[in-house]
Amino acid sequence: MRASILAGEFEAGYQLRQDEVAEQFGTSRIPVREALRQLESEGLIIFHANKGAVVKGLSLEDVLEMLDIRIGLETRALKLAIPNMAIEDLEVAQEILDRYDAASDPEAWGEMNWNFHWTLYAPCSRPKLLAMIEANYGHVSRFIRRQVSRAAGKVRPQKEHHELLDLCRQGKIDEAVDLLERHIEQTQKSLQASSRRMEAGR
């Protein structure tokens, strides 16, 4: 259920009926209730008196704040990761960027973007920090993956990705952290711009 929500298969407001979910996953309603409570604690669903469990929506303000949290968490992880990066880590990151360069489908860019960033952060060797990054990114991505990919395009983000990887190769920690912060701030701006265009088009 978590994967389906984060992937956008269940839109905000979608009602998760316990009997239907139990049938879908071939289980009883007891583990379904436990799973729903867990998803509620993670902020992915909310319980309404009349409708039961529904997928929780996110406002633009919610997502902008989560992007602020991304900056805090991810810049810290990158700062800790760069001194630990092996040649193999850098090679994997480069391979992801090469596939990203060749991809023409905006639907694929979000996943490649996440894989690239995760490859850079993983060497920080802070499991709790990485878990927080993954959880926060999951919330943000289900809201912005399509909007930002189409609004920002691929040229500018990819240019910054290549620059970020080069700074990591050179061990320039402060410069890399500064670029990453500006990179995520630009995502905020792209999202706000996309929201303004959508409002104007109504």
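Angles over 145 degrees between helix axes count as roughly antiparallel. The legends below describe close-up views of a predicted model.

**View 1. Packing of helices α5 and α8.** Helix α5 spans residues 87-102, and helix α8 covers residues 155-170. In general, a packed pair of helices is described by the angle between the axes and by the distance separating them. For α5 and α8 the angle is about 165°, and the axes lie 11 Å apart. The two helices are therefore roughly antiparallel to each other. Their crossing is left-handed.

**View 2. Residues at the contact between α5 and α8.** From α5, the residues L90, A93, Q94, L97, Y100 and D101 take part. On the α8 side they meet Q158, H161, H162, L165, C168 and R169.

**View 3. Surroundings of Q158 in helix α8.** Q158 has a relative accessibility of 4% and therefore counts as buried, the cut-off being under 20%. Its side chain forms a polar contact of 2.9 Å with the side chain of H161. Leaving aside residues up to four places away in sequence, Q158 touches L97, Y100 and D101. These three residues of α5 also belong to the set that meets α8.

**View 4. The hairpin formed by strands β2 and β3.** Strand β2 comprises residues 45-48 and strand β3 residues 52-55. The strands pair in the antiparallel sense over four bridges, and three residues make up the hairpin connection from β2 to β3. Within this pairing, I45 stands opposite V55 of β3.

Notes. Residues are numbered from 1 along each chain as its sequence is written. This is a predicted model: local features need pLDDT of at least 70, side-chain atom pairs count only at pLDDT 80 or more; totals for chains, interfaces and linings use all residues. Side-chain values use heavy atoms; hydrogens and water are left out. Two strands pair if DSSP finds at least two bridges between them. Buried means under 20% relative accessible area, exposed over 50%, partly exposed in between (1.4 Å probe, protein chains only). A polar contact is a pair of N or O atoms within 3.5 Å; within protein, one must be able to donate a hydrogen and the other to accept it, and residues adjacent in sequence count only if both atoms are side-chain atoms. Contact means heavy atoms within 4.5 Å. Axes are lines fitted to C-alpha atoms, for helices over the stretch in contact, and angles run from 0 to 180 degrees between N-to-C directions. Angles under 35 degrees count as roughly parallel, over 145 as roughly antiparallel, 65 to 115 as roughly perpendicular and the rest as oblique. A crossing is left-handed if the near helix is turned anticlockwise from the far one by less than a right angle, and right-handed if clockwise.
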